[in-house]
Amino acid sequence: MAVCRENRPVTVYGEATVKDDQEDGMIDHVGIPVTDLAASRELYATALAPLGYKVLYENEEYGIVGFGAQRPQLWLSRSSRKMGVHVALVAKDRVAVGSFYEQALAAGATDNGPPGPREQYAPGYYAAFVHDLDGNNLEAVVHEQ
Ligand SMILES: N[C@@H](CCC(=O)N[C@@H](CS)C(=O)NCC(=O)O)C(=O)O
């Protein structure tokens with residue numbers, strides 16, 4: 001048994017396999033589909049400003065806006081319909097990405113992209129994608145140097 005910051009008891013299952021120097025924590029980035037990108041951009045820009053996050057990237061053609069402090073970590077993406085969110089979790093290495101993918105599928109998730117490089121996002125970007133039981137898009141990613 002361990003205790004988190006809010007003093008709620010939580011159970012720790014086994015050894016963590018996160019990187020020793022993992023600075024970004026568990027979440028690499030989050031994607032939120034929005035049906036009115038301009039309106040949501042304003043809402044998020046206003047709400048996130050007091051937290052120190054601002055628009056760091058936007059591409060009207062692709063319909064995306066990225067918020068963050070040092071790098072974009074919260075992405076709004078234009079969507080024609082309401083749909084699930086996208087959460088990308090930090091993985092230690094390719095083995096962890098592969099295990100995440102296999103275990104998620106075995107547990108009932110559906111394939112949304114097998115483990116492999118995604119150089120279109122960034123050099124050294126290696127990831128796998130699944131949809132959870134409610135259609136949320138879950139990713140494990142390692143940024144290889
Ligand atoms: N099937 C794709 C999934 C890629 C994906 O989901 N990418 C994330 C961003 S890292 C996303 O939300 N993309 C927007 C979309 O697919 O509409 C793959 O395997 O590469």
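**Exercise 1. Two residues of strand 5**

Leaving aside its neighbours within four places in sequence, with which residues is Val65 in contact? Find these partners, then describe the setting of Val65 and of Gly68.

*Solution.* Residues are numbered from 1 along each chain as its sequence is written. The model is a predicted one, in which local features need pLDDT of at least 70 and side-chain atom pairs count only at pLDDT 80 or more, while totals for chains, interfaces and linings use all residues.

Step 1. A contact requires that the C-beta atoms of two residues, placed from the backbone, lie within 7 Å. Under this criterion, and without neighbours within four places in sequence, Val65 is in contact with Leu37, Arg41, Val55, Glu58 and Leu76.

Step 2. Helices (H or I, at least four residues) and strands (E, at least two) are DSSP runs numbered from the N terminus, and Val65 lies in strand 5, which covers residues 64-68 and also holds Gly68.

Step 3. A residue is buried if 20 or more other C-beta atoms lie within 10 Å of its own, exposed if 12 or fewer, and partly exposed in between, with C-beta atoms placed from the backbone. Val65 has 25 C-beta neighbours inside 10 Å and therefore counts as buried, whereas Gly68, with 17 other C-beta atoms within 10 Å, is partly exposed.

Step 4. Not counting residues up to four places away in sequence, Gly68 touches Tyr53, Leu56, Gln73 and Leu74. The C-alpha atoms of Gly68 and Leu48, 20 residues apart along the chain, are separated by 8.9 Å.

**Exercise 2. The pairing of the strands**

Work out which strands pair with strand 5, strand 3 and strand 11, and in which sense.

*Solution.* Step 1. Two strands pair if DSSP finds at least two bridges between them. Strand 4 (residues 54-59) and strand 5 do so in the antiparallel sense over five bridges, with Val55 opposite Phe67. These two strands form a hairpin with four residues between them, and Gly63 in its turn has a positive phi of about 70°.

Step 2. Strand 3 (residues 27-34) pairs with strand 7 in the antiparallel sense over four bridges, and Val30 stands opposite Val87 of strand 7. Five bridges also join strand 3 to strand 6 (residues 72-78), and these two run parallel; here the bridge partner of Pro33 is Ser77 in strand 6.

Step 3. Strand 7 in turn pairs with strand 11 in the parallel sense over five bridges, where His86 stands opposite Asn137. Strand 11 also pairs with strand 10, in the antiparallel sense over seven bridges, and Tyr126 faces Val142 of strand 11 there. Strand 10 and strand 11 form a hairpin with five residues between them, with Gly135 in the turn at a positive phi of about 85°.

**Exercise 3. The core and the ligand shell**

Locate the largest nonpolar core and the residues around the ligand, and consider the part that strand 11 takes in each.

*Solution.* Step 1. A nonpolar core is a set of buried Ala, Val, Leu, Ile, Met, Phe, Trp, Tyr and Cys residues joined through C-beta atoms within 7 Å. The largest such core has 16 residues, and those with the most contacts inside it are Ala91, Val97, Phe100, Ala127, Ala128, Ala140 and Val141. Helix 2 (94-106), strand 10 (125-131) and strand 11 (137-143) are the elements that give two or more residues to this core.

Step 2. Ala91 touches Ala96, Val97, Phe100, Ala140, Val141 and Val142, not counting residues up to four places away in sequence. Strand 11 is largely enclosed by the rest of the structure, because five of its seven residues are buried.

Step 3. A residue belongs near a molecule if its C-beta atom, placed from the backbone, lies within 6 Å of it. The residues around the ligand are Gly31, Ser77, His86, Ala88, Asn112, Gly113, Arg118, Tyr121, Phe129, Asn137 and Glu139. Strand 7 (86-90) and strand 11 are the elements that give two or more residues to this shell.

**Exercise 4. The chain as a whole**

Describe the make-up of the protein chain and the confidence of its prediction.

*Solution.* Step 1. The protein chain has two helices and 11 strands, and its elements run β-β-β-α-β-β-β-β-α-β-β-β-β from the N terminus on. Of its 145 residues, 17% count as buried.

Step 2. The pLDDT is the predictor's confidence in each residue, from 0 to 100. Its mean over the protein chain is 89, and 83% of the residues reach 70 or more. Over residues 1-12, however, the pLDDT is below 50, and this stretch has six contacts in the model beyond near neighbours in sequence.
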